[in-house]
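Here are a few exercises to help you find your way around a new structure. Take them one at a time, and try each task before reading its solution.

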Amino acid sequence: MRSLVIVESPTKAKTIRAFLPKGYEVYASMGHVRDLPGDASEIPAKLKGTDWARLGVNVDEGFEPLYVIPSSKKRVVRELKEELKGADELILATDEDREGESISWHLLQVLNPTVPVKRMVFHEITKGAIEQALLDCREVDDGLVRAQETRRILDRLVGYTLSPLLWKKIAWGLSAGRVQSVAVRLLVLRERERRAFRAGTYWDLKAALRHQGDGFEALLIEVDGVRVATGKDFDEATGKIAAGKKVRLLDSTEAESLRSSLAALPWRVAKTEEKPSVRRPAPPFTTSTLQQESNRKLRSSARDTMRVAQNLYERGFITYMRTDSVHLSNQAISAARDAVTRLYGDAYLSPKPRNFVTKSAAAQEAHEAIRPAGERFRTPDATGLDGRELALYDLIWKRTVACQMADARQTALSVRLDVGSATFRASGKRIDFAGFLRAYVEGSDDPNAALENQEVPLPDLVVGDEPNLEGLEAVSHETQPPARYTEASLVKELENDGVGRPSTYASIIGTIIERGYVNKQGQALIPTFTAFAVTGLLERNFPHLVDLKFTAKMERTLDEISVGDAEWLPYLSEFYLGANGLRTQVQAHEATIDPAVARTIELGGVEGNIRIGRFGPYVEVERPEGLVKASLPRDAAPADLDQEMIDTLLRQKIEGPDELGRHPDTDQPIYVLTGQYGPYVQLGAITEDGPKPKRASLPKGTTPDQVTLELAVGLLSLPRHLGDHPESGAKVLAGLGRFGPYVVHDRGKQGKDYRSLKKEDNVLTVDLERALALLTQPKASRGRGQATPTRELGAHPDDGAQVGLYDGRYGPYVKHGSVSASIPKGRDPGSVTLLEAVTWIADKRPAKRTKKKATKKTSPKRAKTAAAKKSGVKKANVKKKAKKKTVKKKASTGE
């Protein structure tokens, strides 16, 4: 008996294949094989003239979706159909969440099998889990499919209905989304709070004391029995003490006077206090908490975290990574407790097993938390992993093991000291028993170092003791605005508000960054001026769509649909076609929204208007010279835009840029300017003979006022020729690019090999020896589109650009320019030739449009032969089936 098993990716297929009995063959669908049309080219010809085809959902016919097989998946579908012909049963083994259920359902619709079909689910890829899953197969869950389909339709309706409105009213290429727009609004609201914030200043005193050889610090808390003001006592809107606060606000003069009067007085302990407390370990990871902790500890984005976690799951190292549940199976609890006993001893084991309960009523993805896979947890050192995979596995392993460890016991220490009319307080903390903290401390990579940092010892002090004063200083403080969101805090906020699903947060955050709604500076997410304009338009015209409560209620309704407590069709009809439905509202507002108003951002506190233009944000001010416009830097934070910055931009626009000095070689003036892409230096003025003078961006973190003539000359000299490569004889250069400073081995038509400089390197002083050392190091990947090739196959015959062999998430592939092609199943990547790669890429490249009269067609075989000839190969045996297959693109409602 032959069983065909289908999973999503080659990595998962390779892992699961090792645990299946003889007769089971595993193939990958490469994700979804059907979806709503991505663009007009995917719409069937017979439907191109219909009003609803662009939307991909026939809203007037029961919200029937139009499903198509993308061109990139047609070969996969053909291969799966071919494999199914000789199979006795079909087993759909995609992931166990809604997305996985949807993939299985679409496979069922496309393959239309005549053999028995089973749905196999598992939350970890281990021998025991796979064997049990084979015994517990079920049918495809129509409820889960319907829930996923309703979400997909709803997201399409919101995105494809609102986005064109944004194109017309603000700028081309913008997008709106059911969860995306709410996430952007959260960032905008925080930035508005920061802009409205007014800082307040206060002073206090800090004492350095010593008792019986041990030093400690104490802070002023009271003067004449009145509490001294701290940051929490200020009104953020005024920068002054909030109404009703009975505190004493010290200024610099008072603080210094008090310091002088207390310096010579005796200090006496008035009160000591100890408060014991117990700290319990956090539950094991869910999707959301894994993203948050990975961002805090590993500085990894939500998208990168999920990408690495997906790979760990598919290779059998962890359980399924998209889950809302904190529950652990009995097997997992036993494995964790065994690890505690072996590695830390019985004293660190919790007295009884800890069972965690999921608080969210909507938790329904996988049924167990993210944990190491198997009946016995492999320690991180025993996995053979490295890099990001090892770091993330280590995080998951520690969190899971720690949740079965004993509580940590600690004591908060407090000492009050009187001196003259003032009272000071010294605070400390003693860890009495580390418990789970020995394995895992949130926000720290090294638990042992974190324990040392957490413990703040104080000397043994009793009432009446008189410690010696070693130093007393007056300290100035300024209140701080609300912190900007990071990926971790945004994910936490979205989850707490019940907006969206944790499994989608990674893609949502990635989308708002890529679409230009957010600039990421360090870990902070800073909304752009475009985000302000879009959020303002939605708030004024579609307030419910960016309202947290409305969006959370929508999420709950979708959950109800998944369990059969709500009907999907009436809900979609009311949301989109109702009297106050989305389509009705967009049609009503389209005629009334003034584009000039939509593109204008009301910030307050600055002169003129901030607008969104074709080339980005700009300021527009009426001056005696007339209406003056100046571009704003694209990375400028709206909360930080002040009148001084605007005055500088306008002055440079009217009077020309400020001259920094003269170039020592050419005697040309060097200017420091600020443009839409940030500050830069320019050699010479713009003239008719020289319309494009040489420019160089400032290094990251360098402000215009920090630029010296020497620095400017150095930047304008980039890229610097460091010397020639000892092996190739080609140039080695150092320069400053989009991703920061770099060195490059420039081999001309043979390609360029880049490496980023490290923090300790200086692009203006780095030498050839250091550059060669960097070039020998493996190149870091920025994703599939910018990954490092495992092998360069040679120059493409069309343009001479390199064709590379890459290792991707869904298996090996070849790439030329922007076109990628997967390597056929069963083909050894190590022996792929340039001819084969050129042929596969030619198949993937969109056909060029020709005039109607050019009716002569070139067969695939001739095209491949031509490609072979161009590459200089005289003979090529290219085999391909010439049969033409027509794939019927079936529209289905999922019933």
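Two residues are in contact when heavy atoms lie within 4.5 Å of each other. Keep in mind that you are looking at a predicted model.

**Exercise 1. Find which residues of helix α4 (residues 127-135) are buried, and work out how they are arranged around the helix.**

Step 1. Buried means under 20% relative accessible area. In α4 the residues that pass this test are Ala129, Ile130, Ala133 and Leu134.

Step 2. Look down the axis of α4: the buried residues fall within an arc of 135°, so they line one face of the helix.

Step 3. Now see what lies over them. The cover of the buried residues of α4 includes α1 (10-17), β2 and β5 (89-92).

**Exercise 2. Describe how helix α2 (residues 71-85) packs with helix α3 (residues 98-111).**

Step 1. Start with the geometry: the axes of α2 and α3 are 11 Å apart, and the helices pack at an angle of about 70°.

Step 2. Angles of 65 to 115 degrees count as roughly perpendicular, and α2 and α3 are therefore roughly perpendicular to each other.

Step 3. List the residues that make the contact. Val77, Leu80, Lys81 and Leu84 come from α2, while Leu107, Val110 and Leu111 come from α3.

Step 4. Sort these residues by kind: the contact of α2 with α3 has 6 nonpolar residues, 1 charged and no polar.

**Exercise 3. Locate Met30, Asp667 and Pro719, and say what is notable about the backbone there.**

Step 1. Recall the general background: most residues other than glycine have a negative phi, and most peptide bonds are trans.

Step 2. Met30 sits in the loop between β2 (24-28) and β3 (57-58). Its phi is near 60°, a positive value in a residue other than glycine. Met30 is also buried, because its relative accessible area is 18% and the limit is under 20%.

Step 3. Asp667 belongs to the loop between β20 (658-662) and β21 (669-675). Although Asp667 is not a glycine, its phi is positive, at about 65°.

Step 4. Pro719 is in the loop between α21 (709-716) and β24 (720-724). The peptide bond leading from Leu718 to Pro719 is cis, with omega near 0°.

**Exercise 4. How many disulfides does a search of the whole structure find, and are Cys137 and Cys403 buried or partly exposed?**

Step 1. A disulfide is a covalent bond between the sulfur atoms of two cysteines.

Step 2. Searching the whole structure gives 0 disulfides.

Step 3. Cys137 is partly exposed, at 24% relative accessibility, whereas Cys403 is buried, with a relative accessible area of 0%.

Definitions and conventions: Residues numbered from 1 in each chain as written. Predicted model: local features only at pLDDT ≥ 70, side-chain atom pairs only at ≥ 80, totals over all residues. Heavy atoms only, no water. Helix = DSSP H or I, 4+ residues; strand = E, 2+ residues; numbered from the N terminus. Buried < 20%, exposed > 50% of the residue type's maximum accessible area, 1.4 Å probe, protein only. Arc of directions from axis to C-beta. Disulfide = S-S within 2.5 Å. Axes fitted to C-alpha atoms, helices over the stretch in contact; angles between N-to-C directions. Parallel < 35°, antiparallel > 145°, perpendicular 65-115°, else oblique. Nonpolar A, V, L, I, M, F, W, Y, C, P; charged D, E, K, R; others polar.
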